[in-house]
Each structure stands twice: as structure tokens, then as C-alpha cells.
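Let's take a friendly walk through a protein fold, one strand at a time. Keep the picture beside you as you read.

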Amino acid sequence: MIIATWNVNSLKARLTHVLDWLGEAKPDIVLLQELKLETDRFPAAEIEAAGYHAVAHGQKTYNGVAILARAPIRDVTRGLPGFDDDQARWIEGTVALGDRDIRVASLYLPNGQSVTSEKFPYKLRFLDAFEAHARTMLADAARPAVIGGDFNIAPEAVDLYDPKGWAGDVLFHPEERRRYRAVLHQGWTDAFRALHAEAGRYSWWDYRAGMWQKDHGLRIDHLLLSPEAADRLEASDIDRSPRGREKASDHTPVWVRLADSMPAGAPYGPPDELIETAAAG
């Protein structure tokens, strides 16, 4: 099973790109962010024609998240539990995965604007609520779970083209990075980083100053796996091709491949040989 996350930066503007990519990459589940449209304006017919069920949580002009899946999506939750918010930044649901169900969530974490903005404390409060809910998602240890989305956080220096220039700013601030690590310490695995040790792999490039052409990007889109999902981890990568298209989103898809079933007694996490191969480049 392939699960992908993608901030499309306006589904209306990028629908053709999304449909093309679905046909090319053929993911089983896609977690979308920044739809920038209301729920009742979600292009359900077009998505269904591409072979996907869909649930969305949208709002006019800003934010918006969705889940696309080849199988039906059940037990849908819209809005981050435990966080009173009128912004459409969280949706989760259950999809059949091989021999059992998988719980998936699409997250569009606040940007924070700047450390002096009132939006930065909002980002930290959202992160605190996210940390609490992520812990509850681990309660069902037998059911794999995946949280994917635009976290607006570059976890480590290797995830930025200029870590010194970004130090202390939003997207690379110590307080947001500490909260991200706290979630990982619960037992979640950053799927891409589990298999790729190299620097210079990015998922977002600013539209300004030729950042894409210079490859001056940040890795801020992540897929987090619960221990049961991490046991099934086979591969993960960043697909740069959609970012190079005309009128592209400033983000590009990140994906993970999970085994449909897990051998009895399989060790936690990805196989050592996969990690060693990734570290060797």
C-alpha cells in the first residue's frame, strides 16, 4: 500500500495536476492539505472518476484538508480533537489495509507567520493539542496509524538549505522543533528519515527568488508512522516531479509504502538492511 501526503496549495487551481499524478503514481491513500475551498465545493465527481473515495474538511479561501482512498473511508473525524478551532486543519478516518484497518490523518499545521506574530503562539497551542491527540492514536497498538501532512516544521538542520539563516525563525524554531520531537518520542516514526540519512532532500520550495531553480528548499511535509505501521515500512521518498510542472504547488508529494501484512514476530521498525542502504546513499 502506498500512502502519500501533498499540500496542493489550492485544489481548484491544481486539480489537473492532482488527477494526473494520481494516474501516474497510483497511490492507495492520499492526504491533501491547503484545499482552499469549502467542503461542498470539493470536486468529488472528478476524484471518484479517478478511482478514489474522498472525505474533506474545507473552508473558504484558506486551509482545508482531505483524504482520498481506493477503499471506503469510515469513522471520519473533522477537526483536531481537544482543540477548539474554526480553521480546517485536521481530518482522520479509517481505511482497510490488507489484513486489517489503518487509521490515517491529514494535517495542515499552522505556519506561525513570524515569532513576533500572534499566529506563532497559536501554532504552539495547536502543536500541544496535536501531541496530546497523537498519543491517543497510539492507544490501539494493534491498528497501524499514519499521520501525514504539511507540518510547517523542518525537524533538523539537514532539512533546510540554509539552517543558519533559518535559525530561530518559524519553520525552524526551537519550540516547534521540540514539540515535533516530543511526538516522535511517543513512538512515531518519521518514515522518510527512517530510510534516508542524506541532507538536501526537500518537499517545499518558496515561489520567490528562484528557490526551486536553485534547489533552496525545506523538508516540512512528513509522514509519521505508529509502531505497527513502522513494522510494515518498505520504502519512502519525495516525488519532485509535480513541483517542476507549470503553475505547480510550492510543495511536492511525499510517500511511503507499507506491506499489506506483517510476518509474525517481525521486529519493530524498518529492516536494518534498508536503513544501512539509505545511510550509504
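Which unit do E7, helix H3 and E8 make? Helix H3 covers residues 119–137, and together with E7 and E8 it makes a right-handed β-α-β unit. Keep in mind that the model you are looking at is predicted.

**The sheet around E7**

Now for the sheet itself. It is an open sheet of six strands, in the order E5-E6-E7-E8-E10-E9, and its pairing is mixed. Strand E5 (74–78) and strand E9 (189–190) stand at the edges; each has a single partner strand, so one side of each is left without a neighbour in the sheet.

Strand E7 spans residues 100–108, and seven of its nine residues are buried, so the strand is largely enclosed by the rest of the structure. Strand E6 (residues 90–97) runs antiparallel to E7, and eight bridges join the two. Across this pairing, Glu-92 stands opposite Ala-105 in E7. E6 and E7 form a hairpin with two residues between the strands, and there Gly-98 takes a positive phi near 55 degrees.

E7 also pairs with strand E8 (residues 145–150), this time in the parallel sense, over six bridges. Here Ser-106 has Gly-148 in E8 as its bridge partner. Moving on, E8 is joined to strand E10 (residues 221–225) by five bridges, and these two run antiparallel. Gly-148 appears again here, with Leu-223 in E10 as its bridge partner.

**Strand E12 and its partners**

Another strand to find is E12 (residues 254–258). In a regular strand the side chains alternate between the two faces of the sheet. E12 shows such alternation: Val-254, Val-256 and Leu-258 point to one face and are buried, while Trp-255 and Arg-257 point to the other and are not buried.

Strand E1 (residues 2–7) runs antiparallel to E12, joined by four bridges, and Ala-4 has Trp-255 as its bridge partner in E12. Strand E11 (residues 233–238) pairs with E12 in the antiparallel sense too, over five bridges. In that pairing, Ile-238 is matched with Val-254.

Here are the strand pairings in one place:

| Strands | Direction | Bridges |
|---|---|---|
| E6 and E7 | antiparallel | eight bridges |
| E7 and E8 | parallel | six bridges |
| E8 and E10 | antiparallel | five bridges |
| E1 and E12 | antiparallel | four bridges |
| E11 and E12 | antiparallel | five bridges |

**The largest pocket**

Rolling a probe the size of a water molecule over the atoms shows where empty space is left. How much space lies in the largest pocket? The answer is about 730 Å³. This pocket is lined by 30 residues, and the closest to its centre are Tyr-108, Asn-111, Gly-112, Gln-113 and Asn-152. By class, the lining has 13 nonpolar, ten polar and seven charged residues.

**A loop residue and the wider chain**

Is Lys-36 buried or partly exposed? Its relative accessible area is 31%, and because buried means under 20% and exposed means over 50%, Lys-36 counts as partly exposed. You can find Lys-36 in the loop between strand E2 (29–33) and helix H2 (44–49). The C-alpha atoms of Lys-36 and Gly-168 are separated by 29 Å, and the two residues are 132 residues apart along the chain.

Finally, an unreviewed UniProt entry lists residues 4–251 as "domain: Endonuclease/exonuclease/phosphatase". Over residues 4–251 the chain is 28% helix and 24% strand, with the end C-alpha atoms 13 Å apart.

Terms used. Residues numbered from 1 in each chain as written. Predicted model: local features only at pLDDT ≥ 70, side-chain atom pairs only at ≥ 80, totals over all residues. Heavy atoms only, no water. 1 Å grid on protein atoms, 1.4 Å probe; cavity = no way out; pocket = protein on both sides within 12 Å on 5 of 7 lines; lining within 4 Å. Points joined across faces, edges and corners; volume = space filled by probe spheres on them. Nonpolar A, V, L, I, M, F, W, Y, C, P; charged D, E, K, R; others polar. Buried < 20%, exposed > 50% of the residue type's maximum accessible area, 1.4 Å probe, protein only. Pairing = 2+ DSSP bridges. Right-handed = clockwise from strand over helix to strand, strands pointing away. UniProt positions renumbered as here; feature names shortened; annotations may be inferred.
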